[in-house]
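Work through the exercises below with the model open in a viewer. Each task is followed by its solution in steps.

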Amino acid sequence: MMIARHAGIGREEVERIVTGSVDPGWNEYDRAILRAVEELHDDAMIADATWAVLAARLDEAQLIELTVLIGQYQAVAYYQNSLKLRLHGGNKGLSAR
């Protein structure tokens, strides 16, 4: 939550992120980004419909960067969880919501 606040992301938006792409508060583009994360996590592939929405706003390099970025965060979660790394002191994570 500390990082989100520092980036200007408020509590309400964090809650919508936790809910995911089904939350009605997202615009089409933001929903597609979240859906891309969910699809890569669940199926290791972004669906054609989601890709089409993203491709309407992002160029080829940005589409590649988005998939790499999502994969990078997934990899970080894998090793942090496997190594049982704890949050830095004072960071309450999502429990700060």
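**Exercise 1.** In which helix do R16 and E12 both lie, and how many residues apart are they?

*Solution.* Start with how the model was made and numbered: it is a predicted model, in which local features need pLDDT of at least 70, side-chain atom pairs count only at pLDDT 80 or more, and totals for chains, interfaces and linings use all residues. Residues are numbered from 1 along each chain as its sequence is written, and side-chain values use heavy atoms, with hydrogens and water left out.

Step 1. Find helix α2, residues 11-19; R16 and E12 both lie in it. Helices here are DSSP runs (H or I, at least four residues), as are strands (E, at least two), numbered from the N terminus.

Step 2. Count along the helix: the two residues are four apart, about one turn.

**Exercise 2.** Find the salt bridges of the whole structure and state which residues they join into one network.

*Solution.* Step 1. Apply the criterion: a side-chain nitrogen of Lys or Arg within 4 Å of a carboxyl oxygen of Asp or Glu. The search finds two salt bridges.

Step 2. List the pairs. R16 and E12 meet at 3.4 Å, N to O. R16 also forms a salt bridge with D23, where the closest N and O atoms are 3.8 Å apart.

Step 3. Join the pairs through shared partners: E12, R16 and D23 form one network.

Step 4. Add the accessibility, where buried means under 20% relative accessible area, exposed over 50% and partly exposed in between (1.4 Å probe, protein chains only). R16 is buried at 17%, and D23 is buried at 14%. E12 is exposed at 58%.

**Exercise 3.** Describe how α3 packs on α5.

*Solution.* Step 1. Take the geometry. Helix α3 (residues 28-43) and helix α5 (residues 60-82) pack at about 55 degrees, with their axes 10 Å apart. The axes are lines fitted to C-alpha atoms, for helices over the stretch in contact, and angles run from 0 to 180 degrees between N-to-C directions.

Step 2. Classify the angle. This makes α3 oblique to α5, since angles under 35 degrees count as roughly parallel, over 145 as roughly antiparallel, 65 to 115 as roughly perpendicular and the rest as oblique.

Step 3. Assign the hand. The crossing is right-handed; the near helix is turned clockwise from the far one by less than a right angle, whereas anticlockwise would be left-handed.

Step 4. List the contacts (heavy atoms within 4.5 Å). A36, V37, L40 and H41 in α3 meet T67, I70 and Q74 in α5. By class, the contact has four nonpolar, three polar and no charged residues. Nonpolar covers Ala, Val, Leu, Ile, Met, Phe, Trp, Tyr, Cys and Pro; charged covers Asp, Glu, Lys and Arg; the others, Gly among them, are polar.

**Exercise 4.** Repeat the analysis for α4 against α5 and for α3 against α4.

*Solution.* Step 1. Helix α4 (residues 48-55) and α5 pack at about 125 degrees, with axes 10 Å apart. That makes α4 oblique to α5, and the crossing is right-handed. W51, L54 and A55 of α4 make the contact with L63, L66 and T67 of α5. These residues divide into five nonpolar, one polar and no charged.

Step 2. The axes of α3 and α4 come within 9 Å and cross at roughly 135 degrees. The two helices are therefore oblique to each other, and α3 passes α4 in a left-handed crossing. From α3 the contact uses E28, Y29, A32, I33, R35, A36 and E39, and from α4 it uses T50, V53 and L54. The classes are six nonpolar, one polar and three charged.

**Exercise 5.** Which loop holds A44, and what is its phi?

*Solution.* Step 1. A44 is in the loop between α3 and α4 and is exposed, with a relative accessible area of 65%.

Step 2. Its phi is positive, about 60 degrees, although A44 is not a glycine. Most residues other than glycine have a negative phi.

**Exercise 6.** Summarise the whole protein: how many helices and strands are there?

*Solution.* Step 1. The protein has five helices and zero strands, in the order α-α-α-α-α from the N terminus.

Step 2. Its C-alpha atoms fill a box of roughly 40 × 30 × 20 Å along the principal axes. Of the 97 residues, 24% count as buried.
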